[in-house]
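Trainee: Could we go through this model together? I'd like to see how each label follows from the numbers.

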Amino acid sequence: MTPHQRKIAAIVSRLLEWYPRNARDLPWRQTTDPYGVFVSEIMLQQTQVKMVLGYWNRWMRSLPTLSALAKASPQRIHKLWEGLGYYTRVRNMQRAARMMVKEHAGKVPSKLDELLALPGIGRYTAGAICSIAFDQPAPILDANIIRVLARLYGIGSDPRQAKAKTELWRISQELVQRASSMNGRSGVCSQFNQSLMELGALLCTRKAPRCDLCPLARVCFAHQEDRVADLPALAKRPKPTARWFAAFVVEDKGRFLVRQRPAKGINGSLWEFPNVEIHRKANMKKAARVVLGASARSIERFCTIRHSITRYRITLDVFKVQTNLAGKPSRSGARWLTQAQARRLPFTGAHKKILWMRGSERLPTTVH
């Protein structure tokens, strides 16, 4: 056995021993239902586990099968997803469910190429479903695993570049293939791939990694060479861009004005208060007139909400506005709704905060 083969064997055996004693108790790990795995993997794309926990449980209670997802209304799936972000994921998930109902007899396919043909499923997600739901030796590579493998093997180039990424995929394939060759262990591919993810999430973290507790410290290049802080060698991302928006809360007889975003684009089909992007020192009465199509008789600051979308750092100033609008809005797509009616609709994350704060006697100046 070569040194490389011995290292592969050591990594696999030590992680398979470590994982059962240290794995977090996550609800999607308690099911062998491929649909439950499919839902969890879509939700976990670019989203932390702690955020997904409640969403996955609610989703599986409300839409427990592929058929239920395929038949659900857009409003229902968006409401269940409300606050989880990256809403293209949920629309693609429903499109994929409809294809699986039509083309795969209502079942999640077990073949990698068939999964890759579905909307919203890339190489990582397909590999995760194949290995976790069907115990196949399919490699996976997410941010946690990239960090683990870059440190284990001393990969010094940016893992987002093609050459380094190809090498990381090769190593991941070799590791899970080795795991699959271990006779007499049920679910070994599933356990091994999840052990790689778990190691990156719990010990081999981006900051303050716990090398003293790591089962792979003795075979880790970065630990042995004191280069843990240097790897992976990610190129610096561009500085975030600041943007400012103004939103307007217009009330009339216990109802207020809201509108639905276009189906395509960021936060497609979600609801929001009328708003517009502004210069930092814009005239708010003029901005309100442009957005609402009516002059503001009075305008009062309500609160400020700060949030982030991708590389943007957004400041949303919210104002209560009195106008001569009544009954029918002058802007297409806008509706007058009571608070109870609006709460049944899926709102964007920032505007949901406005909805729930509306009417409060004690409003924070700034909300994050």
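**From values to labels**

Mentor: Sure. This is a predicted model, and we can start with a glycine: G122 sits in the loop between α7 (112–116) and α8.

Trainee: Why is G122 called partly exposed?

Mentor: Its relative accessible area is 33%. Buried would need under 20% and exposed over 50%, so 33% puts G122 in between, as partly exposed. For a sense of distance, the C-alpha atoms of G122 and L112 are 9.9 Å apart, with their positions 10 residues apart along the chain.

Trainee: What makes F256 and F273 a stacked pair?

Mentor: Set both values against the cut-offs. The ring centres are 5.3 Å apart, and a pair needs centres within 6.5 Å. The planes meet at 15°, and under 30 degrees counts as stacked, so stacked is the label.

Trainee: And where do these two rings sit in the chain?

Mentor: F256 is in strand β2, while F273 is in the loop between β3 and β4 (275–278). They are 17 residues apart, and the pair links distant parts of the chain.

Trainee: F273 also pairs with F347. Why is that pair called tilted?

Mentor: The centres are 6.1 Å apart, which is within 6.5 Å, and the angle between the planes is 50°. Stacked needs under 30 degrees and edge-to-face over 60, so 50° leaves tilted. F347 lies in the loop between α14 (339–343) and α15, so this pair ties together parts 74 residues apart in sequence.

Trainee: How do you know that F256 and F273 are buried?

Mentor: F256 has 0% relative accessibility, and so does F273 at 0%. The cut-off for buried is under 20%, so both qualify. F347 is buried too. Ring pairs link F256, F273 and F347 into a cluster, and the count for the model comes to 6 aromatic pairs.

Trainee: What makes β2 a partner of other strands?

Mentor: Pairing takes at least two bridges. Here is how β2 (residues 255–260) does against that cut-off:

- With β1 (residues 241–252), β2 has 2 bridges and runs antiparallel; E251 has F256 as its bridge partner.
- With β7 (residues 334–337), there are 4 bridges, again antiparallel, and F256 has L337 as its bridge partner.
- With β3 (residues 271–272), there are 2 bridges in the antiparallel sense, with Q260 partnered by W271.

Each of these counts reaches the cut-off, so β2 pairs with β1, β7 and β3.

Trainee: Which residue in the β1–β2 hairpin takes a positive phi?

Mentor: K253, with phi near 55°; the hairpin has 2 residues between the strands.

Trainee: What makes K7 and R123 count as charges over rings?

Mentor: K7 lies over the face of Y153 at 4.4 Å from the ring centre, and R123 lies over the face of W169 at 3.8 Å. The distance limit is 6 Å, so both distances pass.

Trainee: Now the empty space. How much is in the largest pocket, and what lines it?

Mentor: About 1,900 Å³ lies in the largest pocket. The lining has 45 residues, and Q46, D142, A143, N144 and R147 lie nearest the centre. Elements giving two or more lining residues are α2 (34–43), α8 (123–134), α9 (143–153), α10 (162–180) and α11 (188–202). By class, that lining has 21 nonpolar, 10 polar and 14 charged residues.

Trainee: And the second largest pocket?

Mentor: Its volume is about 920 Å³. The lining has 32 residues, with I266, N267, H307, S308 and I309 closest to the centre. That lining splits into 12 nonpolar, 15 polar and 5 charged residues.

Trainee: What makes a space a cavity instead of a pocket, and how many cavities are there?

Mentor: In a cavity the probe fits but cannot get out, whereas a pocket is open. The search finds 1 cavity of 30 Å³ or more, and the largest has a volume of about 110 Å³. Among its 15 lining residues, R151, C204, C211, C214 and C220 are closest to the centre. The largest share of that lining, 3 residues, comes from α9. By class there are 12 nonpolar, 1 polar and 2 charged residues.

Definitions and conventions:
Residues numbered from 1 in each chain as written. Predicted model: local features only at pLDDT ≥ 70, side-chain atom pairs only at ≥ 80, totals over all residues. Heavy atoms only, no water. 1 Å grid on protein atoms, 1.4 Å probe; cavity = no way out; pocket = protein on both sides within 12 Å on 5 of 7 lines; lining within 4 Å. Points joined across faces, edges and corners; volume = space filled by probe spheres on them. Nonpolar A, V, L, I, M, F, W, Y, C, P; charged D, E, K, R; others polar. Buried < 20%, exposed > 50% of the residue type's maximum accessible area, 1.4 Å probe, protein only. Lys NZ or Arg CZ within 6 Å of the ring centre and 35° of its normal.
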